[in-house]
Amino acid sequence: MNDGNQNETTGERFRREWSVMTLYERFEQVVALLLSAVIAAIIVTSLLQLIQIVFTLLIIEAFNPLDHKVFQTVFGMIMTLLIAMEFKHSIVRVALRRDSIIQVKTVILIALIALARKFVILDPDVSPGKVAALAGATLALGVTYWLLRERDDRTAKETLHDRS
């Protein structure tokens, strides 16, 4: 049952796949790796700034987590980091050749996280029209994600059924 490729390291697999890639596929790989490095640098810098701000709020300014503005600031920053990490994860999947392109479902999920962040940092006195617009966008993205997932589930079932 032991497949010979199970012990192959990521580096070995990457070198093997690199040798059979077209010039454009190599270009995509290089771009994905560079984007991943840039986003990683942004994540580390943002994390350090978040730690500094939270430390300042906790120690110097007697952080009150029930203060709406402080809550919005801190959790808005945390959610921004989560969005960046999810975005980096999707790029890394391309760089590791687990996916050939950025998946639409991943982009939709990142957009949903961004909308959730927007709801968290929303001022209490925002207009009802803006809330309705954000809710409509959330609903549209949610339905789109659901439809894509249903299609993928149906395709997986058909593939499984065809194999048996």
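**Figure 1. Packing of helices H2 and H3 in the predicted model.** Helix H2 spans residues 23–60, and helix H3 spans residues 68–95. In this predicted model, the two helices pack with their axes 9 Å apart and at an angle of about 160°. Because angles over 145 degrees count as roughly antiparallel, H2 is described as roughly antiparallel to H3. The crossing of H2 past H3 is left-handed. Sorted by class, the residues of the contact of H2 with H3 comprise 23 nonpolar, four polar and one charged.

**Figure 2. The largest nonpolar core.** Nine residues form this core: Ala32, Ile39, Ile43, Leu50, Leu81, Ala84, Ile91, Val94 and Ala95. At least two of the core residues come from helix H2, and at least two come from helix H3. The greatest contribution is that of H3, which gives five residues. In soluble globular proteins, nonpolar side chains tend to be buried together. Ala84, one of the core residues, is in contact with Ile39 and Ile43 when its neighbours within four places in sequence are left aside.

**Figure 3. Surroundings of Ala32 in helix H2.** Is Ala32 buried or exposed? The relative accessible area of Ala32 is 7%; a residue counts as buried under 20%, and Ala32 is therefore classed as buried. Apart from its neighbours within four places in sequence, Ala32 is in contact with Ile91, Val94 and Ala95. These three contact partners of Ala32 are also listed among the members of the largest nonpolar core. Although Ala32 and Val92 are 60 residues apart in sequence, their C-alpha atoms are 7.1 Å apart in space.

**Figure 4. Surroundings of Ala37 in helix H2.** Ala37 has a relative accessibility of 45% and therefore counts as partly exposed. Along the chain, Ala37 and Val92 are 55 residues apart, while a distance of 9.7 Å separates their C-alpha atoms. Ala32, by contrast, is buried, and also lies in helix H2.

**Figure 5. Packing of helices H3 and H4.** Helix H4 covers residues 104–121 and packs with H3 at an angle of about 175°, the axes being 9 Å apart. H3 and H4 are therefore roughly antiparallel to each other. Which residues make the contact? From H3 come Phe71, Gln72, Phe75, Gly76, Met79, Thr80, Ile83, Glu86, Phe87 and Ser90. From H4 come Thr106, Ile110, Ile113, Ala114, Ala116, Arg117, Val120 and Ile121. By class, eleven residues of the contact of H3 with H4 are nonpolar, five are polar and two are charged.

**Figure 6. Packing of helices H4 and H5.** Helix H5 comprises residues 128–163; its axis and that of H4 come within 10 Å and cross at roughly 155°. This angle makes H4 roughly antiparallel to H5. The two helices meet in a left-handed crossing. The contact of H4 with H5 includes 14 nonpolar, three polar and five charged residues.

**Figure 7. The helices within the whole chain.** How many helices and strands does the chain have? There are five helices and zero strands, and the pattern read along the sequence is α-α-α-α-α. The chain has 164 residues, of which 17% count as buried. Among the chain's contacts between residues at least 6 apart in sequence, 66% join residues at least 24 apart.

Note on methods: Residues numbered from 1 in each chain as written. Predicted model: local features only at pLDDT ≥ 70, side-chain atom pairs only at ≥ 80, totals over all residues. Heavy atoms only, no water. Core = buried A, V, L, I, M, F, W, Y, C linked by side-chain atoms within 4.5 Å. Buried < 20%, exposed > 50% of the residue type's maximum accessible area, 1.4 Å probe, protein only. Helix = DSSP H or I, 4+ residues; strand = E, 2+ residues; numbered from the N terminus. Contact = heavy atoms within 4.5 Å. Axes fitted to C-alpha atoms, helices over the stretch in contact; angles between N-to-C directions. Parallel < 35°, antiparallel > 145°, perpendicular 65-115°, else oblique. Left-handed = near helix turned anticlockwise from the far one by under 90°. Nonpolar A, V, L, I, M, F, W, Y, C, P; charged D, E, K, R; others polar.
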